[in-house]
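Grab a pencil and open the viewer. Below are a few exercises, each with a solution worked step by step.

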Amino acid sequence: QVQLVESGGGWVQPGGSLRLSCAPSQRMSDASVLGWYRAAPEKGRELVATVSSRAPSVFADSVKRRLSFSRDESKNTMYLQIDNMKPEDTAVYYCYAQFQLTDYWGQGIQVTVSS
């Protein structure tokens, strides 16, 4: 069983930036897909960004010009940064990884954008 531990959520003012971290319990380089999803109030879970060794990266249109997806292999941690945050970015954010065709999710972390 792979665990994904998220950190970095909280409250952000509109126009601010936020960086989320996710540390899998298994080596990231073994994952076939890494990514982030989010679930806004009264909305289903939607893709924010995915990076795959076997397919093109996918980024949501609503954030692709404002996001940065990165990873630090030495820390076995991946990061999602969103700049110029907007109230509609308010959601629970989930990191995601696929290892050996099995999907794993982080526990979810709340991000609230408001003044």
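Thr50 makes a good warm-up, since at 9% relative accessibility this residue counts as buried (buried means under 20% relative accessible area, exposed over 50%, partly exposed in between, with a 1.4 Å probe and protein chains only). Before you go on, keep in mind that this is a predicted model, where local features need pLDDT of at least 70 and side-chain atom pairs count only at pLDDT 80 or more, while totals for chains, interfaces and linings use all residues. Residues are numbered from 1 along each chain as its sequence is written, and side-chain values use heavy atoms, with hydrogens and water left out.

**Exercise 1. Find the strand that holds Thr50 and list what the residue touches.**

Step 1: Thr50 is found in strand S5, residues 45-52. Strands here are DSSP runs of E with at least two residues, helices are runs of H or I with at least four, and both are numbered from the N terminus.

Step 2: Skip the neighbours within four places in sequence, and Thr50 is in contact with Val33, Leu34, Gly35, Tyr37, Ser57 and Val58. Contact means heavy atoms within 4.5 Å.

**Exercise 2. Describe the chain as a whole: how many helices and strands does it have?**

Step 1: Count the elements, and you get zero helices and 11 strands.

Step 2: For the overall dimensions, the C-alpha trace spans about 40 × 30 × 25 Å along its principal axes. The radius of gyration is 13 Å, close to the 13 Å that the globule rule gives for 115 residues, so the chain is as compact as a globular protein of that length. That radius is taken over C-alpha atoms, and the rule is 2.2 Å times the number of residues to the power 0.38.

Step 3: Of the 115 residues, 45% count as buried. Among contacts with a separation of 6 or more, 55% come from residues 24 or more positions apart.

**Exercise 3. Work out the order of the four-stranded open sheet, and say which strands stand at the edges.**

Step 1: The order is S1-S3-S8-S7, with antiparallel pairing. Two strands pair if DSSP finds at least two bridges between them.

Step 2: S1 (4-7) and S7 (67-72) are the edge strands; each has a single partner strand, so one side of each is left without a neighbour in the sheet. Neighbouring strands are turned by 20° against each other on average, direction ignored (axes are lines fitted to C-alpha atoms, for helices over the stretch in contact, and angles run from 0 to 180 degrees between N-to-C directions).

Step 3: Check the pairings at both ends. Four bridges join S1 to S3, and Val5 stands opposite Ala23 in S3. Six bridges join S7 to S8 (residues 77-82), where Arg71 has Met78 as its bridge partner.

Step 4: Look along S1 and the side chains alternate: Leu4 and Glu6 point to one face and are buried, whereas Val5 and Ser7 point to the other and are not.

**Exercise 4. Locate the salt bridges: how many does the whole structure have?**

Step 1: The search finds six, a salt bridge being a side-chain nitrogen of Lys or Arg within 4 Å of a carboxyl oxygen of Asp or Glu.

Step 2: Take Arg38 and Asp89, whose closest N and O atoms are 3.0 Å apart. Arg38 lies in S4 (residues 33-39) and Asp89 in the loop between S8 and S9 (91-99), so the pair ties together parts that are 51 residues apart in sequence. Both residues are buried, and they belong to a salt-bridge network with Glu46 and Arg66.

Step 3: Now try Asp30 and Arg27, which meet at 3.1 Å, N to O. Asp30 is partly exposed at 37% relative accessibility, while Arg27 is exposed at 53%.

**Exercise 5. Name the residues of the largest nonpolar core that touch the most other members.**

Step 1: The core has 30 residues, and the best-connected are Leu20, Trp36, Val48, Leu67, Met78, Leu80 and Tyr93. A nonpolar core is a set of buried Ala, Val, Leu, Ile, Met, Phe, Trp, Tyr and Cys residues joined through side-chain atoms within 4.5 Å.

Step 2: Ask who supplies them: S3 (18-24), S4, S5, S7, S8, S9 and S11 (109-113) each give at least two residues. S9 gives the most, with five.

Step 3: Zoom in on Met78, which touches residues including Leu20, Met28, Leu34, Trp36, Phe69 and Cys95.
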